[in-house]
Amino acid sequence: MEIIEVKGHSGCEIDVKREDKSLFVYKTTRDPGYFNRLVRQGKKQEQASHIELQHIRIPKIHEITRNEREVRLKMDYVYSRNFVEFFEQAGFEQVAYLIEALIMYLEYEISGSKNETVESLIVKDKFNDVKKKTLSNRYLAGDIEIAEIMERSEAIFNKLEDMEMPVGVCHGDLTFSNILFNGNNYYLIDFLDSFIESPLLDIVKLRQDTAWLWSQLMYTKPCDTIRLHIAFKKIDDEINAYFHEHYDWYRKLYNPLQLMNFLRILQYAHEPKVIDYLKHSINEQLEEF
């Protein structure tokens, strides 16, 4: 069995192993605090792998193993490019295919969800937890701008009323970093549990990239930023216009949930460039209220 090591994310080790004539990805954590979450992620992706949509694919989970030392997922390996490699070569037609596929996937999630009333207390409790962790983060504690952000955000969430939205199906972390590109097929990986299992949270995460360029910020190699910006703006304009036209819950709830999304990232931030980026993004988002 040949083992090919690649860089992991979220504190997990990622190995690519050749078994007979097939390649498989093994994702492993040895952090006991992450055991349950990785199991939930694996089960969520396993369930989603049965989806049959044009252009959208989800790698199959073959095994979820757990013992006292580790949790490990075994899934199909996908020959693919990352988002930067894709967008640096993609023409307008390929970008259009991607937009169509993303909308199709999000509509699939919406069709599998039910419109429900989500109590505002769920978001308020989440904010209180985020605030506590943010103010105890040693890289953020004592920062006057962070304190002001927390104060302004708290005022917004305190006014939040119960929310009507689709609940049921959600990838949980639908960013370009979690999409593998193979021609006009797009493989979704690294599913996450979300504090509200709603397609709206996936639109929020997607626009974290298309409107706010998060994955580009985290990409460490040189890239054609102008070309990426053009593609991202095209995608963001069409995604935003589509859901703004079709869904009242999107028009009403995108802004507060995008604000919460950035605050949830902020609580763990420690790199200066990330902290500066989040301060700027959150302040801009606050101006929408």
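This briefing walks through the overall build of a protein chain and then visits a few of its helices and residues. The structure is a predicted model. Its single-chain picture begins with the secondary structure, which comes to ten helices and ten strands. Of the 289 residues in the protein chain, 49% are buried.

**The chain as a whole**

- The radius of gyration of the protein chain is 19 Å, which agrees with the value near 19 Å for a compact globule of 289 residues.
- Taken along the principal axes, the C-alpha atoms fill a box of roughly 60 × 45 × 40 Å.
- Among contacts with a separation of 6 or more, 73% join residues 24 or more positions apart.
- About 14,900 Å² of the protein chain is exposed, and carbon and sulfur atoms supply 48% of that area.

**Two helices to look at**

- Helix 3 covers residues 92-111, which makes 20 residues. From its first C-alpha to its last, helix 3 reaches 28 Å, close to the 28 Å expected at 1.5 Å a residue.
- Several residues of helix 3 are buried, including Val 95, Leu 98, Ile 99, Leu 102, Tyr 105 and Leu 106. Glu 109 and Ile 110 are also among the buried residues of helix 3.
- Helix 9 covers residues 248-266 and has 19 residues. Its reach from first to last C-alpha is 28 Å, close to the 27 Å expected at 1.5 Å a residue.
- Helix 9 has a kink of about 50° at Tyr 254, and the proline Pro 256 follows shortly after.
- Most of helix 9 is covered, with 14 of its 19 residues buried.

**Lys 74, a lysine in a strand**

- Look for Lys 74 in strand 6, which runs over residues 71-76.
- Lys 74 has a relative accessible area of 11%, so it counts as buried, the cut-off being under 20%.
- The side chains of Lys 74 and Glu 19 are joined by a polar contact of 3.1 Å.
- Setting aside residues up to four places away in sequence, Lys 74 touches Glu 19, Phe 24, Val 25, Tyr 26, Lys 60, Ile 61, His 62 and Glu 63.

**Asp 209, an aspartate in a helix**

- Asp 209 lies in helix 6, and helix 6 spans residues 199-210.
- With a relative accessible area of 1%, Asp 209 is buried.
- The side chain of Asp 209 reaches two backbone nitrogens: that of Phe 176 at 2.6 Å and that of Ser 215 at 2.7 Å.
- Beyond its neighbours within four places in sequence, Asp 209 is in contact with Thr 175, Phe 176, Ser 177, Trp 214, Ser 215 and Phe 232.
- For a sense of scale, the C-alpha atoms of Asp 209 and Ile 64 are separated by 30 Å, and these residues are 145 residues apart along the chain.

**Asn 67, in a loop between strands**

- Asn 67 sits in the loop between strand 5 (61-66) and strand 6.
- Its relative accessible area is 34%, and Asn 67 is therefore partly exposed.
- The side chain of Asn 67 has a polar atom 2.8 Å from the backbone nitrogen of Arg 69. A polar atom of that side chain also lies 2.9 Å from the backbone nitrogen of Glu 70.
- Asn 67 and Ile 110 are 36 Å apart in space, C-alpha to C-alpha, and 43 residues apart in sequence.

**Two residues with positive phi**

- Most residues other than glycine have a negative phi. The two residues below have positive values.
- His 55 has a phi near 80°. This residue lies in the loop between helix 1 (35-48) and strand 4 (56-57).
- At a relative accessible area of 9%, His 55 is buried.
- Leu 213 has a phi near 60°. Its place is in the loop between helix 6 (199-210) and helix 7 (214-218).
- Leu 213 counts as partly exposed, at 23% relative accessibility.

Technical notes. Residues numbered from 1 in each chain as written. Predicted model: local features only at pLDDT ≥ 70, side-chain atom pairs only at ≥ 80, totals over all residues. Heavy atoms only, no water. Helix = DSSP H or I, 4+ residues; strand = E, 2+ residues; numbered from the N terminus. Expected span 1.5 Å × (residues − 1). Buried < 20%, exposed > 50% of the residue type's maximum accessible area, 1.4 Å probe, protein only. Polar contact = N/O pair within 3.5 Å; in protein donor to acceptor, adjacent residues only side chain to side chain. Contact = heavy atoms within 4.5 Å. Rg over C-alpha atoms; globule rule 2.2 N^0.38 Å. Areas by Shrake-Rupley, 256 points an atom, 1.4 Å probe, with all protein chains shown as cover. Bend = angle between axes of the 7 residues up to and from the residue.
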